[in-house]
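The following exercises concern charged side chains and the pairs they form. Each task is followed by a solution in steps.

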Amino acid sequence: FKGDVCACTSQACVEVVEKRMVNWAMDHLDELKKIKPTRAQDAEADRIDDEMDACKARIAAASSPSPSASSSPPSASSVTLTPLPPGGTGSPACDEYLRAFDTVIVTCREKLGPALDAMIQSRNAQVEAFAEWGALDAASKKAALDAAETGCKAAADGIRQAAASMACPI
């Protein structure tokens, strides 16, 4: 999926790949919940995730109009945040990830400039994907939540690191 994301040239493409990735994870829940990664495997997964995040940031910046092409200031956004599902995602780690993401969007919006809309769209796509867990039977939902736990923890850490790199601690 990293290769597919990094080959994208638009935010719409990234969203399609992210949805495919979520669907793939849902289709392989039984296998994923049995995985017990080593520290080395966790580190490799983090490295790949960081590379994918760098591609997403590059694509978001390239997909957003330049400030001179926009009639609104960089802090304005034409995209609104999709509300979280009632009661959250069902995963404390994924809820924390979305809270961190939302905090970055609100707190760092001036620094995000033209990438703001793309970030909000990416965040909304993730909320919609997480909301699909509500349609699962109990066993599948538990497996999805268990499988997402590590990724959501890593994503929350990544969001915090990205905010810190922008001198926008959250």
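**Exercise 1. State how many salt bridges the model contains, and give the criterion.**

Solution. A salt bridge is a side-chain nitrogen of Lys or Arg within 4 Å of a carboxyl oxygen of Asp or Glu. By this rule, 8 salt bridges are counted. The structure is a predicted model, in which local features need pLDDT of at least 70, side-chain atom pairs count only at pLDDT 80 or more, and totals for chains, interfaces and linings use all residues. Residues are numbered from 1 along each chain as its sequence is written, and side-chain values use heavy atoms, with hydrogens and water left out.

**Exercise 2. Determine which parts of the chain are tied together by Glu 51 and Lys 2.**

Solution. Step one: the closest N and O atoms of Glu 51 and Lys 2 are 2.7 Å apart, and the two residues form a salt bridge. Step two: Glu 51 belongs to helix H4 and Lys 2 to helix H1 (residues 2–7), so the pair joins parts that are 49 residues apart in sequence. Helices are DSSP runs (H or I, at least four residues) numbered from the N terminus. Step three: Glu 51 is partly exposed, with a relative accessible area of 27%; Lys 2 is also partly exposed, at 27%. The classes are buried (under 20% relative accessible area), exposed (over 50%) and partly exposed in between, with a 1.4 Å probe and protein chains only. Step four: a network of salt bridges links Lys 2, Glu 44, Arg 47 and Glu 51.

**Exercise 3. Describe the salt bridge of Glu 96 and Arg 99.**

Solution. Step one: the N to O distance is 3.2 Å. Step two: Glu 96 and Arg 99 are 3 residues apart in helix H5 (residues 92–107), which means that about one helical turn separates them. Step three: Glu 96 is partly exposed at 29% relative accessible area, and Arg 99 is partly exposed at 45%.

**Exercise 4. Establish whether Asp 102 and Arg 123 are buried or exposed, and locate their salt bridge.**

Solution. Step one: Asp 102 and Arg 123 form a salt bridge, with their closest N and O atoms 2.6 Å apart. Step two: this pair links distant parts of the chain, since Asp 102 lies in helix H5 and Arg 123 in helix H7 (residues 116–131), 21 residues apart. Step three: Asp 102 has a relative accessible area of 17% and is therefore buried. Arg 123, at 2%, is likewise buried.

Note on methods: Helix = DSSP H or I, 4+ residues; strand = E, 2+ residues; numbered from the N terminus.
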